[in-house]
Amino acid sequence: VQRHLVDLVSQQGCCDLRWGTGVVDLADTEDGVQVTVSQGGETTAVLAEYVIGADGATSWVRRHRGIPMNGMPP
């Protein structure tokens, strides 16, 4: 992770950055997206306006949403 980019996003105060978590469910709602995340054996539901799946080439988020991968497979 580029520390500089993380610092810039954190300074904006517009995002909830979470490390060491896994997305276990995504559901569209009238208000945005409900994201269920798991960390340390506990799950938490978070309501978000947008979700960015920055979870790599084998992205669960990408597959769950049916977004095709461009480029070479992992």
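The legends below describe close-up views of a predicted model.

**View 1. The sheet is open and has three strands.**
The strand order is 1-2-3, and the pairing is antiparallel. Strand 1 (22-29) and strand 3 stand at the edges; each has a single partner strand, so one side of each is left without a neighbour in the sheet. From one strand to the next, the twist averages 20 degrees. Strands of a sheet pair through backbone hydrogen bonds, and this pairing is either parallel or antiparallel.

**View 2. Strand 1 pairs with strand 2.**
Seven bridges link strand 1 to strand 2 (residues 32-39), and the sense of the pairing is antiparallel. Two facing positions can be picked out here. Ala-27 stands opposite Gln-34 in strand 2, and Asp-28 stands opposite Val-33 in strand 2. The connection between strand 1 and strand 2 is a hairpin of two residues.

**View 3. Strand 2 pairs with strand 3.**
Strand 2 and strand 3 (42-48) run antiparallel and are joined by seven bridges. Val-37 stands opposite Thr-44 in strand 3. These two strands also form a hairpin, with two residues between them. Gly-40 lies in the turn of this hairpin and has a positive phi of about 60 degrees.

**View 4. Five residues make up the largest nonpolar core.**
The members are Leu-26, Val-33, Val-35, Val-37 and Val-61. Strand 2 gives the most to this core, with three residues. In a regular strand, the side chains alternate between the two faces of the sheet. In soluble globular proteins, nonpolar side chains tend to be buried together.

**View 5. Val-35 has contacts with residues elsewhere in the sequence.**
Which residues is Val-35 in contact with, leaving aside its neighbours within four places in sequence? They are Val-23, Asp-25, Leu-26, Thr-44, Ala-45, Val-46 and Val-51. Among them, Leu-26 is also a member of the largest nonpolar core, as is Val-35 itself.

**View 6. Ser-59 sits in a loop.**
The loop that holds Ser-59 runs between strand 3 and helix 2 (60-65). Is Ser-59 buried or exposed? Ser-59 has a relative accessible area of 3%; buried means under 20%, so Ser-59 counts as buried. A polar atom of the Ser-59 side chain lies 2.8 Å from the backbone nitrogen of Arg-62.

Methods
Residues numbered from 1 in each chain as written. Predicted model: local features only at pLDDT ≥ 70, side-chain atom pairs only at ≥ 80, totals over all residues. Heavy atoms only, no water. Helix = DSSP H or I, 4+ residues; strand = E, 2+ residues; numbered from the N terminus. Buried < 20%, exposed > 50% of the residue type's maximum accessible area, 1.4 Å probe, protein only. Polar contact = N/O pair within 3.5 Å; in protein donor to acceptor, adjacent residues only side chain to side chain. Pairing = 2+ DSSP bridges. Axes fitted to C-alpha atoms, helices over the stretch in contact; angles between N-to-C directions. Core = buried A, V, L, I, M, F, W, Y, C linked by side-chain atoms within 4.5 Å. Contact = heavy atoms within 4.5 Å.
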